[in-house]
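Me: Please take a close look at one part of this model and follow it into its surroundings. I would like a single connected account, with the cut-offs behind each term.

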Amino acid sequence: MTTITSTHSNPEDTTSAPADAGPVAEIVLDGAASRNALDADALDALLDHVEALLPLIDEGAVRALILRGEGTVFCSGRDIAGVDVETDDAYEFLNSDFWPVFDTIRSLEIPVIAVVQGAALGLGYGLAAAADVIYAAEDAKFGSPFATIGAILDSGAHALFVDRLGYHRTMDLILTGDFMTGTEAAATGVVSRAVPAGELLDFARAKAAKMAAGPAETFRMEKHFTQNLADERTRLGQVWDTEAFMQERARTSDDYREGFTAFQERRKPTFG
């Protein structure tokens, strides 16, 4: 299971610091065994950590947030290891468990940076996309892993990928299950920048410190205006709801059942 931790650290000191040490907060996904995959409980914990920042943001004590994963992966998506396909409700999971996390992060009135090393897949990419800025390792992985389990690309990724990649490249990723590297993702606007993996966290912390020292009210207005422009173009909320509906329909299919069962049994799926 992935646990969630948070610190409120001095950006000039990369070691842990007391809660009043500086204006940059970090929230960390930590679940090596699951590759930082998230189930409903982990999402609830993540939401708690984000909401705990709200009074600090209001006070001006936190002026930027870094969202990152511990280990070699940012977030491999939903934790499906224990999912019972017969009783699962994918629509409910996406809209009641994940959407509040995505929406709350996206609504924060401070700059939010996602730091992506390794994979950011499924809701892992959705989580990164809730941030204002995504800094990725050059060898990070982005795409649609769902071809191997019979599920649907979700978490708003249809809108985001089509907007940045176009129809044909998006369908290539969906149908093949191939991944983009962080370098490719940066070149197409799927992420903000690609950085050598060994430099990624230091780079992100330096940028977060710069943002935290910037004009907070101006940044807040820029964030609201730019999000509105993006949402009007892609109708992200509508796309999200349609994806969740499609995911629930897919859940009732034989292919979805076979894909999840094969994953849980650690074998290659055989689709009809």
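Reply: Arg-266 has a relative accessible area of 80% and is therefore exposed, where exposed means over 50%, buried means under 20% and partly exposed lies in between, computed with a 1.4 Å probe on protein chains only. The model is a predicted one, in which local features need pLDDT of at least 70 and side-chain atom pairs count only at pLDDT 80 or more, while totals for chains, interfaces and linings use all residues. Residues are numbered from 1 along each chain as its sequence is written, and side-chain values use heavy atoms, with hydrogens and water left out.

Arg-266 is placed in the segment after helix H11 (254-264); helices (H or I, at least four residues) and strands (E, at least two) are DSSP runs numbered from the N terminus. Its phi is near 55°, a positive value in a residue other than glycine. Most residues other than glycine have a negative phi. Asn-36 also has a positive phi, near 60°, but Asn-36 lies in the loop between E2 and helix H1 (40-52) and counts as buried because its relative accessibility is 1%.

The domain assignment gives domain 1 (3-232) and domain 2 (236-265), with bounds that come from an automatic or database assignment. Their C-alpha centres lie 21 Å apart, and the contact between them, meaning heavy atoms within 4.5 Å, takes 30 residues from domain 1 and 19 residues from domain 2.

Gln-247 gives a detailed view of this region. The residue lies in helix H10 (residues 236-251) and, at 4% relative accessibility, counts as buried. Leaving aside residues up to four places away in sequence, Gln-247 touches Ala-90, Leu-94, Ala-151, Ile-152, Asp-154 and Tyr-256. A polar atom of its side chain lies 2.8 Å from the backbone nitrogen of Ile-152, and the side chain of Asp-154 makes a polar contact with the side chain of Gln-247 at 2.8 Å. Such a contact is a pair of N or O atoms within 3.5 Å; within protein, one atom must be able to donate a hydrogen and the other to accept it, and residues adjacent in sequence count only if both atoms are side-chain atoms.

Seen from the other partner, Asp-154 is placed in the loop between strand E7 (141-143) and helix H5 (157-165), and its relative accessibility of 6% makes it buried. Besides Gln-247, its contacts beyond four places in sequence include Leu-94, Gly-122, Leu-123, Phe-146 and Glu-243.

The nonpolar interior can be described next. The largest nonpolar core, a set of buried Ala, Val, Leu, Ile, Met, Phe, Trp, Tyr and Cys residues joined through side-chain atoms within 4.5 Å, has 80 residues, and those with the most contacts inside it are Leu-38, Leu-46, Ile-113, Val-116, Tyr-125, Leu-127 and Phe-142. Helix H3 (residues 90-107) gives the most to this core, with seven residues, and each of domain 1 (3-232) and domain 2 (236-265) supplies at least three. Tyr-125, for example, touches Ala-120, Ile-134, Phe-142, Ala-157, Leu-160, Phe-161 and Val-190, not counting residues up to four places away in sequence.

Ile-113 and Val-116 lead to strand E4 (residues 112-116), in which five of five residues are buried. In a regular strand the side chains alternate between the two faces of the sheet. Each face of E4 is covered, with Val-112, Ala-114 and Val-116 buried on one side and Ile-113 and Val-115 on the other. Four bridges join E4 in parallel to strand E3 (residues 64-69), strands being taken as paired if DSSP finds at least two bridges between them, and Arg-68 stands opposite Val-115. The path from E3 through H3 to E4 is a right-handed β-α-β crossover, meaning that, with the strands pointing away from the viewer, the path from the first strand over the helix to the second runs clockwise. E4 also pairs in the parallel sense with strand E6 (residues 133-137), over four bridges, where Tyr-135 is the bridge partner of Val-115.

From E3, six bridges lead to the parallel strand E2, with Leu-29 opposite Gly-69. Strand E2 (residues 24-30) is largely enclosed by the rest of the structure, because six of its seven residues are buried.
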